[in-house]
Amino acid sequence: MARKLKTYQTSLGFFDLAIAAPSMKAALEAWGADSNLFHQGAAKQSHDPDVIAATMAKPGVVLRRPVGSDGPFSEHAELPTNLGGGGSTNAARKSKGPKAKKSSSRPVAAGRKAALAYEREQKRREVERAREEAARQKERERRQQAVDKAQAALDKAEENHAKRSAAIQAEVEALEKRSQTEEARWEKEKERLQAALRRARG
């Protein structure tokens with residue numbers, strides 16, 4: 001069953017932010033807050049009929065307006081042009097009156113509709129996150145395959161080097177053995193010839 005939504009409001013950077021969410025935790029996650037803004041007094045549940053109406057129309061979507069203004073919330077707000085100015089306050093207050101009465105009499109069905117819309121938005125975000133994670137996983141697998149291929153080439157080259165080195169070492173040892181055999185043969189032959197030379201000299 002869809003959870004009842006509440007409207008939460010805070011200010012971050014150049015904008016006031018508002019969202020219709022089932023809990024403070026969900027609002028903080030949607031805002032991307034690193035700390036609990038509610039405990040710090042930087043965020044609150046909004047009871048402004050205009051703000052509630054705007055967020056309930058787009059549940060789960062972070063709405064913005066220039067910080068310090070009383071203008072309407074929207075998905076794409078422009079940067080504030082008159083920080084601290086009160087030029088638009090009266091116009092905003094005038095527009096609040098009739099809307100407040102209208103919002104206060106919204107039927108319960110509208111709240112349910114907003115809650116269902118919020119759940120749809122959450123599912124859309126989950127699908128998008130899953131798609132991004134799948135793309136990242138595919139990239140990780142591609143890189144791993146490249147790493148495995150390079151490692152296999154290196155291992156094969158090292159194996160070939162080891163075989164060649166072993167063959168050369170075997171040749172060196174064989175030549176050393178032949179050299180020693182030749183030295184031993186020559187010593188015997190030299191002794192025999194020298195003995196013959198001594199006998200010839202008498």
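Tryptophan 31 is buried in this predicted model, with a relative accessible area of 9%. Its ring doesn't sit alone: Tyr8, Trp31 and Phe38 are linked into a cluster by ring pairs. A search through the whole structure turns up two aromatic pairs. In one of them, the rings of tyrosine 8 and phenylalanine 38 have centres 5.4 Å apart and planes at 80°, so this pair is edge-to-face. Since tyrosine 8 belongs to strand S1 and phenylalanine 38 to the loop between H1 and S3, the pair ties together parts that are 30 residues apart in sequence. Tryptophan 31 and phenylalanine 38 make a stacked pair instead, at 6.0 Å centre to centre and with 25° between the planes. Tyrosine 8 and phenylalanine 38 are both buried, the latter with a relative accessible area of 12%.

Now for the sheet around which much of this is arranged. Its four strands form an open sheet in the order S3-S1-S2-S4, paired antiparallel. Strand S3 (43–45) and strand S4 (63–66) are the edges, each pairing on one side only. On average, and ignoring direction, neighbouring strands are turned by 20° against each other. Helix H1 (residues 24–31) packs on this sheet and touches S1, S2 and S3, with its direction at about 135° to that of S2. Helix H2 (residues 49–57) lies across S1, S2 and S4 and runs at about 105° to S1.

Strand S1 (residues 6–12) and strand S2 (residues 15–21) run antiparallel and are joined by seven bridges. At the hairpin end, leucine 12 stands opposite phenylalanine 15, and serine 11 has aspartate 16 as its bridge partner in S2. Two residues separate the strands in this hairpin, where glycine 13 takes a positive phi near 65°. On to S4: four bridges join S2 to this strand, again antiparallel, and here aspartate 16 has arginine 65 as its bridge partner. Aspartate 16 therefore turns up in both pairings, with serine 11 and with arginine 65, as strands of a sheet pair through backbone hydrogen bonds.How enclosed is S2 by the rest of the structure? Seven of its seven residues are buried, so the strand is largely enclosed. Both faces are covered: Phe15, Leu17, Ile19 and Ala21 are buried on one side, and Asp16, Ala18 and Ala20 on the other. That split fits the usual pattern, where side chains in a regular strand alternate between the two faces of the sheet.

The nonpolar packing picks up from there. The largest nonpolar core has 19 residues, and Leu5, Tyr8, Ala21, Ala27, Trp31 and Phe38 have the most contacts inside it. S2, H1 and helix H4 (108–201) are the elements giving two or more residues to this core, and S2 supplies the largest share, five residues. Alanine 21 shows how these pieces meet: leaving out residues up to four places away in sequence, it touches Lys4, Leu5, Lys6, Tyr8, Ala26, Ala27 and Tyr118. There's also a second, separate core of five residues, including Ala18, Val51, Val61 and Phe73.

Two buried residues with hydroxyl side chains are worth a look too. Threonine 10 is in strand S1, and one polar atom of its side chain lies 2.7 Å from the backbone oxygen of alanine 42. Not counting neighbours within four places in sequence, threonine 10 is in contact with Phe15, Asp16, Leu17, Trp31, Leu37, Ala42 and Ala43. Serine 46 is placed in the loop between S3 and H2. A polar atom of its side chain lies 3.3 Å from the backbone nitrogen of aspartate 48. With residues up to four places away in sequence left out, serine 46 touches Thr7, Tyr8, Gln9, Val51 and Ile52.

Here are the burial values for four of the residues discussed:

| Residue | Relative accessible area |
|---|---|
| Threonine 10 | 3% |
| Serine 46 | 4% |
| Tryptophan 31 | 9% |
| Phenylalanine 38 | 12% |

Why do threonine 10 and serine 46 count as buried? Buried means under 20% relative accessible area, and threonine 10 has 3% while serine 46 has 4%.

Conventions: Residues numbered from 1 in each chain as written. Predicted model: local features only at pLDDT ≥ 70, side-chain atom pairs only at ≥ 80, totals over all residues. Heavy atoms only, no water. Pairing = 2+ DSSP bridges. Axes fitted to C-alpha atoms, helices over the stretch in contact; angles between N-to-C directions. Contact = heavy atoms within 4.5 Å. Buried < 20%, exposed > 50% of the residue type's maximum accessible area, 1.4 Å probe, protein only. Polar contact = N/O pair within 3.5 Å; in protein donor to acceptor, adjacent residues only side chain to side chain. Phe/Tyr/Trp six-rings, centres within 6.5 Å; stacked < 30°, edge-to-face > 60°. Core = buried A, V, L, I, M, F, W, Y, C linked by side-chain atoms within 4.5 Å.
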